[in-house]
Amino acid sequence: MRLIQCLLLVLAGLCAQAQNEQWASNVLGVSSEYTAGNGQQYRAIQILGKPNKLPQGESGASAWRPEQPDKGEEWIKVGFETPIAVRQIAIGENSGAGCITTIFAYDTQNKEYNVYTGKPETTQRGAGMLRVWLPQLTTYKITSLKIVLDTKRVKDWNEIDAVAISASETPIEAQINLAKNVPKELKKENLGPNVNSKANEVAPVISPDGKTIYYTRYDHPENLKTKEDYDVWFAEEKGGVWQKARNMGTPVNNTAENSICYISPDDRTALLMNIYRPDGTLSKGVSISRKNKNGWTFPQELRLQSYVNEHSFSGFYISPNGKIMVLSLQDANTKGGADLYVSRLQNDGTWSPPANMGADLNTADDEFTPFLATDNQSIYFTSNGRSGYGEMDIYVSRRLDESWTKWSEPENLGPAFNTSDYEAHFTIPASGSYAYFCSSENSLGEFDIFRIKLPESVRPIPTVMLQGSVVDDLTKQAVAAEVIVEDLDQKQPPQRIDYDPAVGDFKVVLDTQKQYGLTAQRKGYQAAGTIVDLTKEKQYREIRREIPLTPIEIGKKITLNTIRFAQSKFDLLPSSLPELDRLAQMMAENGSMEIMLEGHTDNVGDFDANVQLSKDRVEEVKRYITTKNISAARIQTKGYGPTRPIAPNTNEESRKLNRRVEFSILKM
């Protein structure tokens, strides 16, 4: 009861606080609005909600601007969601402050009250905010305000960012929505002269394992074109020290403007700005280059349906599973400047038309440099359309559903990350330990690459980096194969990775607190799939697995490790089906193949019941395989119950090994 009472008091306090301060929620009328901008820039609706520019108070498209400057009288009328008695009114003026001449208030009966006539004794100004103090709390509840300006008072444009009312004696302030528990002072480390130079180093992309950083260098003497040229460079970290950066060379770089925007978890796929033409020219879009034993391939256009970008800047980043792309672009659907968009990989290999990610993230100003963390939920980006510290600030938001349009309110990372200068291109390895970005503050040149230790509160949700190799079980030599990682909860599609031992290990990022099936495919081989159990993992770590591939031959016994059944029953669980599908496919490709399925249990429970259960389970496996047009005559079954353990039945982990289904080839 006491806990409930405390909760009620907290809720009552929050409700009272919400009622004490309200920002305008709808526009009821306006004399004019600026229409020469893009999308919703400078429109009357930009006055709604909390301030977008204050407390720094500079001009911006996320504010209402009348159609013309210095015209004379202009006005706007705004409404509030809940009528309240009012003690103070606050109006955020981005530019042209000092033009407000009159404020009218309206009650629930639409009766008009003149509450401000420009008298200085009733006002306060600070941080771009005009505060009007009424003599006392109004005896009526205010539903709306009409604000009248004389735009001739202050030369050039006049902009109003936001309007608020409050019953409180505490002055209304414009607040930066700061991320919680981020120290105001954190050590920002310049990556040093092996990475940075007197040239411009921008647009860093850290590999998910944190061992390689890629970035763009402008006007560097070792670029392919020695002056006014953009080339992609990279540096590797060894023993805690960044080695001397190297130019990626052709075909990634040419004499045009080259820039990298994404690197895959296995360091083998790169997204590059623009479309590369055979004649060396570039056009708007994005290209993909893949790393093989000979180096990086010539960048090929990534086929993005209905791609249009009217902005001079673009940005692209792909999710760790390769299925989602987030973009920064400007088209007919943007709120104003560049917005963040989402595109999905289609079955034919193309990407869907970009869809706007919504007002939770986008403003009438610019949203740039999207970075999607390895948790597939945390997005970091730069914006000049939100309250912040400088020209462009870095924000974080968390995805709330699968629509990719519902996000938490973006949080400013604070003064340790954002200065009065320009900060952008935020990038984080899978560990979440450090953030890398470019900044002009204390740089060797105009812009340098820095890193800063990332506080827990703004880190992505922890993930696990799985890497490994595929080997021939007989020769123990690495062999090329397709690696398959399957979510055993079947909430995500399988990830398929082309493994080439000549290039290096396969690498994939996995969510914690889940189970995965790990296997590989290569013609002439059968893999013993294995389970990667991350159900108890809550922190980032790196794990390694070797996937053995067994040559298809008579008599070789293979355990189907991902086959699972309902507790004490023979019903196959859905997570078992992908491995059985692969077994059926192998039998279809080898039309004369016959197999023996063997079932085993642990020794817990009645002996005879366990023997029968093992028989029933392999019969169920056989039944499923026959649904894939495989003749039942080609499959024999045998249930051994607990009689053939491969591990002691002394604990649950060992008993799991004994509960298994195996198959062997009887005939080819």
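**Rings, charges and cysteines in a predicted model**

By the rule that a disulfide is a pair of cysteine sulfur atoms within 2.5 Å, the count here comes to zero disulfides. The model is predicted, so local features need pLDDT of at least 70 and side-chain atom pairs count only at pLDDT 80 or more, while totals for chains, interfaces and linings use all residues. Residues are numbered from 1 along each chain as its sequence is written, and side-chain values use heavy atoms, with hydrogens and water left out.

Reader: How do you know that cysteine 261 is in no disulfide?

Author: The nearest cysteine sulfur, that of cysteine 438, is 14 Å away, whereas the rule asks for two sulfur atoms within 2.5 Å; therefore cysteine 261 is not counted in a disulfide.

Reader: Why is cysteine 261 called buried?

Author: Buried means under 20% relative accessible area, exposed means over 50%, and partly exposed lies in between, with a 1.4 Å probe and protein chains only. Cysteine 261 has a relative accessible area of 9%, so it counts as buried, and cysteine 99, at 0%, is buried too.

Reader: What makes tyrosine 34 and tryptophan 157 an aromatic pair that is edge-to-face?

Author: A search of the whole structure finds 19 aromatic pairs, where rings of Phe, Tyr and Trp (its six-membered ring) pair if their centres lie within 6.5 Å, and planes under 30 degrees apart count as stacked, over 60 as edge-to-face and the rest as tilted. Tyrosine 34 and tryptophan 157 are 5.1 Å apart centre to centre with 80 degrees between the planes, so they meet the distance limit and the edge-to-face limit.

Reader: Why is tyrosine 34 called buried, and why is tryptophan 157 called partly exposed?

Author: Tyrosine 34 has 17% relative accessibility and therefore counts as buried, whereas tryptophan 157, with a relative accessible area of 27%, falls in the range between the two limits and so is partly exposed.

Reader: What makes phenylalanine 381 and tyrosine 395 a stacked pair?

Author: Their ring centres are 6.0 Å apart and their planes differ by 25 degrees, so the pair satisfies both the distance limit and the limit for stacking. Phenylalanine 381 and tyrosine 395 are both buried.

Reader: How do you know that the charged end of arginine 65 sits over the ring of tryptophan 157?

Author: The term requires NZ of Lys or CZ of Arg within 6 Å of the ring centre and within 35 degrees of the ring normal. The charged end of arginine 65 is 4.3 Å from the centre of the tryptophan 157 ring, and lysine 188 likewise sits over the ring of phenylalanine 450, 4.9 Å from its centre.
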